[in-house]
Amino acid sequence: MSLGAFSISLSVKNLDASRAFYETLGFTVFGGSMEMNYLIMKNGDALVGLFHGMFEKNMLTFNPGWDQNAQNLNSFEDVREIQKRIKEAGIPLAQEANESSVGPASLLIFDPDGNPILIDQHR
């Protein structure tokens, strides 16, 4: 199963303070905006999403169809196919992608320790 680009999505209390902290560690703003209450920070292939007021817990995020630079991949496993395989493996879904749709969709699962994993396809 190929899940696409990986990042960690952090629920932050102060977006500006978090931006400054990660910039000190060598990250630069790669996407998002202060006005939209989120920033995607990048250092090499490492991606950290900083989200203010959007969700409660930190989560692992995968983006089918993208590489680590948010560039479209020529070939990728669609989120609905990933969802079928997850269901077949007996992993419960907290949020499902509409299997009759095409294009952007997402699903949400939790690992055995309750950590959320978002598989979020943007195309």
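This is a short walk through the packing, one helix and the charged pairs of a predicted model.

I'll start with the nonpolar cores. The largest has eleven residues, among them Phe62, Val79, Leu93 and Ala97. Three elements each give two or more residues to this core: helix H2, residues 79–88, strand E6, residues 105–110, and strand E7, residues 116–121. Take isoleucine 86, which belongs to that core. Setting aside neighbours within four places in sequence, isoleucine 86 is in contact with Met1, Ile91, Leu107, Ile109 and Ile119. There is also a second, separate core of nine residues, including Tyr22, Met41, Val48 and Leu50.

Tyr22 takes us to helix H1, residues 15–24, where Leu15, Ser18 and Tyr22 are buried. Why do they line one face of the helix? Seen down the axis of H1, the buried residues fall within an arc of 65 degrees, so they sit on one face. In general, an α-helix has 3.6 residues a turn, so residues three or four places apart point the same way. The cover over the buried residues of H1 includes strands E1 (5–11), E2 (28–33), E3 (38–43) and E4 (46–51).

Now the two ends of H1. At its start, a side-chain oxygen of asparagine 14 comes to within 3.1 Å of the backbone nitrogen of aspartate 16. After the helix comes glycine 26, with a positive phi near 100 degrees.

Next, a polar residue, asparagine 63, in strand E5, residues 59–63. Is asparagine 63 buried or exposed? Its relative accessible area is 8%, so it is buried. A polar atom of its side chain lies 2.7 Å from the backbone oxygen of aspartate 120. Beyond neighbours within four places in sequence, asparagine 63 is in contact with Leu3, Gly4, Ala5, Asp120 and His122.

Last, the charges. How many salt bridges does a search of the whole structure find? The search finds six. One of them joins glutamate 77 and arginine 85, at 2.7 Å from N to O. Glutamate 77 is buried at 15% relative accessible area, while arginine 85 is partly exposed at 31%. Arginine 80 pairs with aspartate 78 at 2.8 Å; here the arginine is buried, at 6%, and aspartate 78 is partly exposed, at 25%. Lysine 87 and glutamate 96 also form a salt bridge, at 2.8 Å. Lysine 87 is partly exposed at 35%, and glutamate 96 is partly exposed at 46%. Finally, Asp16, Arg19 and Glu23 are joined into one network by salt bridges that share partners.

Definitions and conventions: Residues are numbered from 1 along each chain as its sequence is written. This is a predicted model: local features need pLDDT of at least 70, side-chain atom pairs count only at pLDDT 80 or more; totals for chains, interfaces and linings use all residues. Side-chain values use heavy atoms; hydrogens and water are left out. A nonpolar core is a set of buried Ala, Val, Leu, Ile, Met, Phe, Trp, Tyr and Cys residues joined through side-chain atoms within 4.5 Å. Buried means under 20% relative accessible area, exposed over 50%, partly exposed in between (1.4 Å probe, protein chains only). Helices (H or I, at least four residues) and strands (E, at least two) are DSSP runs, numbered from the N terminus. Contact means heavy atoms within 4.5 Å. The arc is that of the directions from the helix axis to the C-beta atoms. A polar contact is a pair of N or O atoms within 3.5 Å; within protein, one must be able to donate a hydrogen and the other to accept it, and residues adjacent in sequence count only if both atoms are side-chain atoms. A salt bridge is a side-chain nitrogen of Lys or Arg within 4 Å of a carboxyl oxygen of Asp or Glu.
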